[in-house]
Amino acid sequence: MIQIGENNYAFDDPVVIAALVGAALLLLVLVLLIMAVRAAGRSARMTEPLAQQVSQLGQSVQTLSDGQHQLAGGLNHVSEAQAAAQANMLQLMEKRLAQVSGQMTENLQGSARRTAQSLGELQQRLTAIDKAQENITKLSGDVLSLQDILSNKQTRGAFGEIQLTDIVSKALPSDSYSLQATLSNGRRADCLIHLPNPPGPICIDSKFPLEAYEALRNAATDWELNEAAKFLRTSVRKHIRDIGEKYILDGETADGALMFLPSEAVYAELHANFPELVREGFEKRVWIVSPTTCMATLNTMRAILKDARMREQAGAIRRELGLLFADVDRLGTRVENLDRHFNQAAKDISDIKISADKAGKRARRLDNFDFEELAPDSDPAIVKLPKGG
């Protein structure tokens, strides 16, 4: 491998071999010429054939020199063509590389946008999942808190009182009931409805023993189910008896009371599977109500309160009606008087018009010097004077 300028040539290239052969021949010719010149120096005389050969040899050397120049021009042309081809090839490769690089950049940018969008959507979904998980965790805590409330007798009673208070406050006016009202026997009712006599004030108790119902729901065997049912019957009977003794007082309260159940499930269980307890409550004048039936009962009580208040105000209403009738009668009398005055004024105006018409006629006759005997005056408004008067 040889390098000429910026071009590289291999020894197995035919062009390079031809150039080397030409150079070797040229060198051989130069050597022979030098030897001939030296021989001519040693021998002053040379024969004419030798001179001709030398002349022919010089021509040959000139021919070889011209061929060498042509070969060098060909090599330069080939080198220039190869350089131009390499430059075109480089430009084409650079152009293709730029196109490929642009496409790759565009594809990478699109992939990056799609990836970023997908990551954003995934982040939003993860955020929604986190919020849902927080809500589920909060709901689980609330359920556990409600379970803790219902498992404690005092807190369960407070829960029932709050629910009863909410229902009563929505169904009745604020002055028609009292919360935690103390009776004459020292007992304190959860709610006392101030109904008129009859039936009188009625008490509502919201403390129900839910332990027996929970035992009934959690029973796994027939024996546990029977024991829980016995426990429920005993607890409900005792509670009905306590309500009847505490909140039904002769001459102070109504002859019945309400036992409020804060759960529709317990109310349905009693009516479905323990109807004897409901009948026993009726016998003891203790009526069992749920949130739904309590609202219906309170609406009925509201109608009773409204009717009682209307009866209380009946005297005042009658008194006001009497005064209203007197005012209407007086107004009629005054209208009649005004109508009579209007009729008298209309009659006076009519008489005035008649007198004015006659006065106008007399004035026109006087203006026309008409002194004929006039007709007797028929105007009742003119007063005739007696003779001599």
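Start by selecting strand β4, residues 188-193: five of its six residues are buried, so the strand is largely enclosed by the rest of the structure. Keep in mind that this is a predicted model.

**Whole chain**

Zoom out and show the full chain. It holds nine helices and seven strands. Of its 389 residues, 21% are buried. The chain exposes about 28,100 Å², and carbon and sulfur atoms supply 58% of that area. Among contacts between residues at least 6 apart in sequence, 62% join residues at least 24 apart.

**The sheet**

Now select β3 to β7. These five strands form an open sheet in the order β3-β4-β5-β6-β7, and the pairing is mixed. Colour β3 (177-182) and β7 (286-289) separately: each stands at an edge with a single partner strand, so one side of each has no neighbour in the sheet. From one strand to the next, the twist averages 30 degrees. Strands of a sheet pair through backbone hydrogen bonds, in either a parallel or an antiparallel manner.

**Walking across the strands**

Begin the walk at the β3 edge. β3 and β4 run antiparallel and are joined by five bridges. Select A181 and look across to β4, where its bridge partner is A189. The two strands form a hairpin with five residues between them. In the turn, pick G186, which has a positive phi of about 85 degrees.

Stay on β3 and select Q180, which lies in this strand. Which sign does phi of Q180 have? Phi is positive, near 55 degrees, in a residue other than glycine. Q180 counts as partly exposed because its relative accessibility is 32%, between the 20% and 50% limits of that class.

Move on to β4 and β5. They pair in the antiparallel sense, over three bridges. To see one opposing pair, select I193 together with I202 in β5.

Next take β5 (residues 202-205) and β6 (residues 257-260). In which sense do these two strands run? They run parallel, and three bridges join them. Select C203 and find A257 opposite in β6.

**The loop before β7**

Go to the other edge of the sheet and select R285, in the loop between α7 (275-283) and β7. R285 is another residue other than glycine with a positive phi, here near 60 degrees. At 38% relative accessibility, R285 counts as partly exposed.

**A histidine in α5**

Select helix α5 (residues 222-247) and pick H239 within it. Is H239 buried or exposed? H239 is buried, with a relative accessible area of 12%, which is under the 20% cut-off. To show what H239 touches, add D205, K207, F208, P209 and M259; residues up to four places away in sequence are not counted. Two of these lie in strands already visited: D205 falls within β5, residues 202-205, and M259 within β6, residues 257-260.

**A surface patch**

End the tour at helix α1 (residues 14-42), which contains L25. Show the surface and select L25, L27, L28, V31, L32 and M35. These residues form a nonpolar patch on the surface, with about 540 Å² of accessible area together. L25 has a relative accessibility of 40%, so this residue counts as partly exposed.

Methods: Residues are numbered from 1 along each chain as its sequence is written. This is a predicted model: local features need pLDDT of at least 70, side-chain atom pairs count only at pLDDT 80 or more; totals for chains, interfaces and linings use all residues. Side-chain values use heavy atoms; hydrogens and water are left out. Helices (H or I, at least four residues) and strands (E, at least two) are DSSP runs, numbered from the N terminus. Buried means under 20% relative accessible area, exposed over 50%, partly exposed in between (1.4 Å probe, protein chains only). Contact means heavy atoms within 4.5 Å. Accessible areas come from the Shrake-Rupley method with a 1.4 Å probe; for residues, only the protein chains shown count as cover. Two strands pair if DSSP finds at least two bridges between them. Axes are lines fitted to C-alpha atoms, for helices over the stretch in contact, and angles run from 0 to 180 degrees between N-to-C directions. Patches are made of residues with over 30% relative accessible area and no salt bridge: like charges are joined within 9 Å, nonpolar side chains (Val, Leu, Ile, Met, Phe, Trp, Tyr) within 5 Å. A salt bridge is a side-chain nitrogen of Lys or Arg within 4 Å of a carboxyl oxygen of Asp or Glu.
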